[in-house]
Amino acid sequence: MMSVAHRCGTVVPNLQATKQYVKSLVLAGAKELVPAAAAGGTRLAHTDIKVPDFSDYRRQDVTDPNKSSQDSDENRKAFSYLMTGATTVVGIYAAKTVVTQFISSMSASADVLALSKIEIKLNDIPEGKNMTFKWRGKPLFVRHRNEKEITAEMAVNLAELRDPQHDKDRVINPKWVIVLGVCTHLGCVPIANAGDFGGYYCPCHGSHYDASGRIRKGPAPLNLEVPYYEFQDDDTVIVG
């Protein structure tokens, strides 16, 4: 303890001497030490800073500092509402244009639309025969049925069918059966006038269809698809 006290007694005169030396360096003739301001110290006034003038960007109604801004409140609101409404209308019109162009780009081209329909002359197909056409890149079967085939298909018990559908629901004119020639199993092309039921037969996996295009035997789950068609007259049909 005495050693620490002795050391402190030795340091105090040195500190006093240092204080007097700093006083003489900082401020000659000063009676007491004046603390030096640190670099970057706090400014007490900003009178030397130039404030930008924003008068050109302010509305004339609020440039007068002695006038209450509430006096021009209605006029400024009307302008704000007008700008908001105009921006909204322009935005909606632009969005409509973008959506319209996007949907138009997804629609079918002119050459595809030209092939979307096919006109078939029925006089060229003899009774009891089937003729294949190409429609939208797929085979199209047009079958001219005789009275025996019509009677047989009308008498089929729907309870025996995997995909129950009456013959009259698949044809417009009983003499003509129009179906897509694509097997509903894996998309193969069946053979016409073949199979156990005299309609269509797919040799790939053994699916048998009757003369109405209904699945009767094999792995195919559904009947042959019937496209939309209409008879223009007794000898002409338009598919699509």
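# A first look at the salt bridges and the buried spots around them

Let's start with a pair of charged residues: Arg-214 and Asp-210 come together through their side chains in a salt bridge, with N and O 3.0 Å apart. Keep in mind that you are looking at a predicted model. Seven salt bridges turn up in it, and this briefing walks through some of them, then through two neighbours in sequence, His-144 and Arg-145.

**The chain as a whole**

- There are 240 residues in the chain, and 23% of them are buried.
- You'll find four helices and 10 strands here.
- Reading from the N terminus, the order of elements is α-α-α-β-β-β-α-β-β-β-β-β-β-β.
- About 17,100 Å² of the chain is exposed, and 59% of that comes from carbon and sulfur atoms.
- If you take the contacts between residues at least 6 apart in sequence, 49% of them link residues at least 24 apart.

**The group around Asp-210**

- Back to the opening pair: Arg-214 and Asp-210 are both buried.
- Asp-210 has another partner too, since Arg-216 makes a salt bridge with Asp-210, and their closest N and O atoms sit 3.3 Å apart.
- Arg-216 has a relative accessibility of 23%, so it counts as partly exposed; the cut-off for buried is under 20%.
- Asp-210, on the other hand, comes in at 0% relative accessibility, so it counts as buried.
- Put the shared partners together and you get one network of salt bridges made up of Glu-153, Asp-210, Arg-214 and Arg-216.

**Arg-145 and its partner Asp-167**

- Asp-167 and Arg-145 form a salt bridge through their side chains, with 2.8 Å from N to O.
- Arg-145 belongs to the loop between strand 3 (138–144) and helix 4 (147–154), while Asp-167 belongs to the loop between helix 4 and strand 4 (176–180), so this pair ties together parts of the chain that are 22 residues apart in sequence.
- The two side chains also make a polar contact, again at 2.8 Å.
- Are these partners buried or exposed? Both Asp-167 and Arg-145 are buried.
- For Arg-145 the relative accessibility is 0%, which is why it counts as buried.
- Leaving out residues up to four places away in sequence, Arg-145 touches a list of residues that includes Glu-127, Ile-150, Glu-153, Val-171, Pro-174, Ala-211 and Ser-212.
- Glu-153 is a name to recognise: Arg-145 touches Glu-153, and Glu-153 is also part of the salt-bridge network with Asp-210.

**His-144, next door**

- His-144 is located in strand 3, whereas Arg-145 is in the loop between strand 3 and helix 4.
- With a relative accessible area of 14%, His-144 is buried.
- Which backbone oxygen lies 3.1 Å from a polar atom of the His-144 side chain? That oxygen belongs to Ile-125.
- Ile-125 is also one of the residues that His-144 touches, once residues up to four places away in sequence are set aside; others on that list include Pro-126, Gly-128, Lys-129, Glu-149 and Trp-176.
- Lys-175 is on the His-144 list as well: the two residues are 31 apart in sequence, yet 5.7 Å separates their C-alpha atoms in space.
- Glu-127 and Lys-175 are worth finding on screen, as His-144 touches them and Arg-145 touches them too.

Definitions and conventions: Residues are numbered from 1 along each chain as its sequence is written. This is a predicted model: local features need pLDDT of at least 70, side-chain atom pairs count only at pLDDT 80 or more; totals for chains, interfaces and linings use all residues. Side-chain values use heavy atoms; hydrogens and water are left out. A salt bridge is a side-chain nitrogen of Lys or Arg within 4 Å of a carboxyl oxygen of Asp or Glu. Helices (H or I, at least four residues) and strands (E, at least two) are DSSP runs, numbered from the N terminus. Buried means under 20% relative accessible area, exposed over 50%, partly exposed in between (1.4 Å probe, protein chains only). Contact means heavy atoms within 4.5 Å. A polar contact is a pair of N or O atoms within 3.5 Å; within protein, one must be able to donate a hydrogen and the other to accept it, and residues adjacent in sequence count only if both atoms are side-chain atoms. Accessible areas come from the Shrake-Rupley method with a 1.4 Å probe; for residues, only the protein chains shown count as cover.
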